[in-house]
Amino acid sequence: SGSCMSCGKLTKILLHAKVTRYLEFKSIDGSYVFKDGKVQKVPATPSEALNSSLMGFFEKRKFRNFLIFLSNYDKSKPATYHKGKSLDQITTRQLYEDFGLDANTQAF
């Protein structure tokens, strides 16, 4: 069986055993996908989205707008909400659809 970061039985065991007191958490440099026979970085910034070979021209623009929305979002500022709704009031699927993201982009 595969492993999943931050979910599943192993995480529950580690939390129950309280070993997290002894662990040091470190941020990652990025996320990657295997596509077209090679490993490619998933874009995490608007500029990376525009330069990525993972998406076509129009999809890049949609994904860039999505990333800009996410980077500007502030739960305490309703002006940053999407169509007047906080992220607690909208499903991820609806957010993807509203930004017009295709299934391939949603997958990563």
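Asp 88 sits out in the open, with a relative accessible area of 57%, so it counts as exposed. In this predicted model, its side chain meets that of Lys 75 in a salt bridge, at 2.7 Å from N to O. Both Lys 75 and Asp 88 belong to the loop between α3 and α4, so the pair ties together parts that are 13 residues apart in sequence. Lys 75 is also on the outside: at 51% relative accessibility, it counts as exposed, and the cut-off for that label is over 50%.

**The salt bridges**

How many salt bridges turn up in a search of the whole structure? There are four, and three of them are covered here, starting with Lys 75 and Asp 88 above. As background, side chains of opposite charge can pair when their charged atoms come close.

Next up is Lys 83, which forms a salt bridge with Asp 98, the closest N and O atoms being 3.8 Å apart. This one links distant parts of the chain: Lys 83 is in the loop between α3 and α4, while Asp 98 is in helix α4, 15 residues apart. Lys 83 is exposed at 64% relative accessibility, whereas Asp 98, at 28%, is partly exposed.

Then there's Asp 74 with Lys 77, whose side chains meet in a salt bridge at 3.9 Å, N to O. Asp 74 is partly exposed, with 27% relative accessibility, and Lys 77 is partly exposed too, at 47%.

Here are those three pairs side by side:

| Lys | Asp | N to O distance |
|---|---|---|
| Lys 75 | Asp 88 | 2.7 Å |
| Lys 83 | Asp 98 | 3.8 Å |
| Lys 77 | Asp 74 | 3.9 Å |

**A buried serine in the loop**

Ser 86 lies in the loop between α3 (57-72) and α4 (92-99). Is Ser 86 buried or exposed? Its relative accessible area is 6%, so it is buried, the limit for that being under 20%. Leaving aside residues up to four places away in sequence, Ser 86 touches Tyr 73 and Tyr 81. Set that against Lys 83 from the loop between α3 and α4, which is exposed at 64%.

**A nonpolar patch**

Over to the strands. Phe 34 is found in strand β1, which covers residues 32-35. With a relative accessible area of 63%, Phe 34 is exposed. Together with Tyr 32 and Val 39, Phe 34 makes a nonpolar surface patch of about 380 Å².

**The chain as a whole**

Stepping back, the chain holds five helices and two strands. Reading from the N terminus, the elements run α-β-β-α-α-α-α. Of its 108 residues, 20% count as buried. The accessible surface of the chain comes to about 8,500 Å², and carbon and sulfur atoms account for 55% of that. As for contacts with a separation of 6 or more, 29% of them are between residues 24 or more positions apart.

**How far to trust it**

The chain averages a pLDDT of 80, and 85% of the residues score at least 70. Which element has the lowest mean pLDDT, and which the highest? Helix α1 (residues 9-16) is at the bottom with 75, and α4 is at the top with 91. Asp 98, the partner of Lys 83, is in that helix α4. A general caution applies: where pLDDT is low, the predicted coordinates should not be read in detail.

How values were computed: Residues are numbered from 1 along each chain as its sequence is written. Side-chain values use heavy atoms; hydrogens and water are left out. Patches are made of residues with over 30% relative accessible area and no salt bridge: like charges are joined within 9 Å, nonpolar side chains (Val, Leu, Ile, Met, Phe, Trp, Tyr) within 5 Å. Accessible areas come from the Shrake-Rupley method with a 1.4 Å probe; for residues, only the protein chains shown count as cover. Helices (H or I, at least four residues) and strands (E, at least two) are DSSP runs, numbered from the N terminus. Buried means under 20% relative accessible area, exposed over 50%, partly exposed in between (1.4 Å probe, protein chains only). Contact means heavy atoms within 4.5 Å. pLDDT is the predictor's confidence in each residue, from 0 to 100.
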